[in-house]
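Please look through the sequence and the model below before reading on. The paragraphs that follow go through the sheet, the helices and the core.

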Amino acid sequence: MQALIERYKALTEREQIILMIAAVFIVVGLFYFVIWSPLVTSIEQRQAQIERDQDLLAWVQQSAQRATQLRRSNGGQRTFNGSLPQAVNSTTNRFNIVISRMQPQGEELQVWVDQVPFDAMLDWINALENMGVVVLQVDVTEAESPGQIKIRRLQLGKP
């Protein structure tokens with residue numbers, strides 16, 4: 001370090017000024033390209049993700065309201081008297097849904113699906129409810145593909 005200081009002092013005043021100006025430009029350039037630009041890009045990406053998530057949330061809330069309205073409009077009109085596994089099998093064939101596991105538990109039935117389009121799942125559940133099957137509990141998570149979900153557990157019952 002001492003050798004650099006001695007070399008700097010050995011330069012003429014004009015060369016020292018040029019070196020200082022170059023150093024300032026290098027520091028500013030490094031700050032911009034190493035810190036500022038990646039930070040701004042990351043912030044913009046996060047803001048875009050937030051906007052997409054807010055759009056998705058609005059759509060889910062709207063769909064939930066629609067589902068609630070449909071449930072109220074169908075409330076108590078139909079009662080299901082058949083076999084739950086038979087109802088599930090007939091409706092899954094209609095909506096091209098592949099059941100990975102089905103487990104009866106007394107008067108209830110638990111169903112697992114590895115991958116299903118979200119819209120198809122909503123249509124399937126709506127068809128089950130129109131038959132008079134009651135959805136007691138649903139646990140879903142996103143799948144690897146966009147627009148696809150996994151049904152970790154769908155618990156169905158009779159009214």
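Which exposed residues does the face of helix 3 turned away from its buried side carry? That face carries Q86, N93 and R94. Exposed here means over 50% relative accessible area, buried under 20%, and partly exposed in between, with a 1.4 Å probe and protein chains only. Helices (H or I, at least four residues) and strands (E, at least two) are DSSP runs, numbered from the N terminus.

The model is predicted, so local features need pLDDT of at least 70 and side-chain atom pairs count only at pLDDT 80 or more, while totals for chains, interfaces and linings use all residues. Residues are numbered from 1 along each chain as its sequence is written, and side-chain values use heavy atoms, with hydrogens and water left out.

On the other side of the helix, L84, A87, V88, T91 and T92 of helix 3 are buried. They cover an arc of only 120 degrees around the axis, so they lie on the same side of helix 3; the arc is that of the directions from the helix axis to the C-beta atoms. The buried residues of helix 3 pack against strand 1, strand 2, helix 4 and strand 4. Just after helix 3 comes N96, with a positive phi of about 55 degrees. Most residues other than glycine have a negative phi, and N96 is not a glycine. N96 sits in the loop between helix 3 and strand 1 and counts as exposed because its relative accessibility is 69%.

Next comes the sheet. It is an open sheet of four strands in the order 1-2-4-3, with antiparallel pairing; two strands pair if DSSP finds at least two bridges between them. Strand 1 (101-105) and strand 3 stand at the edges with a single partner strand each, so one side of each has no neighbour in the sheet. From one strand to the next the twist averages 15 degrees. Axes are lines fitted to C-alpha atoms, for helices over the stretch in contact, and angles run from 0 to 180 degrees between N-to-C directions.

The pairs can be taken in sheet order. Strand 1 and strand 2 are antiparallel and share five bridges. They form a hairpin with two residues between them, and G106 in the turn has a positive phi of about 65 degrees. Across this pair, R101 has W112 of strand 2 as its bridge partner, and M102 stands opposite V111 in strand 2. Strand 2 is joined to strand 4 by six bridges, again antiparallel, with P117 opposite Q148 in strand 4. Eight bridges join strand 3 to strand 4, which also run antiparallel. In this pair V140 stands opposite I151, and T141 stands opposite K150. Five residues lie between strand 3 and strand 4 in their hairpin, and G147 in the turn has a positive phi of about 80 degrees.

Helix 4 lies across strand 2, strand 3 and strand 4 and runs at about 155 degrees to strand 2. How far apart are the end C-alpha atoms of helix 4? They are 20 Å apart, which agrees with the 20 Å that its 14 residues should span at 1.5 Å a residue; the expected span is 1.5 Å times one less than the number of residues. In helix 4, A120, M121, W124, I125, A127 and L128 are buried. Their arc of only 155 degrees around the axis puts them on the same side of helix 4. Helix 3, strand 2, strand 3 (134-142) and strand 4 are among what covers these buried residues. Helix 4 is followed by G132, whose phi is positive, near 105 degrees.

Helices and strands come together in the largest nonpolar core, a set of buried Ala, Val, Leu, Ile, Met, Phe, Trp, Tyr and Cys residues joined through side-chain atoms within 4.5 Å. Of its 19 residues, V111, V116, M121, W124, I151, L154 and L156 touch the most other members. Two or more residues each come from helix 3 (84-94), strand 2 (108-117), helix 4 (118-131) and strand 4 (148-157). Helix 4 gives the most, with five residues. Leaving aside neighbours within four places in sequence, I151 is in contact with V111, W112, V113, V116, M121, W124, D139 and V140, where contact means heavy atoms within 4.5 Å.
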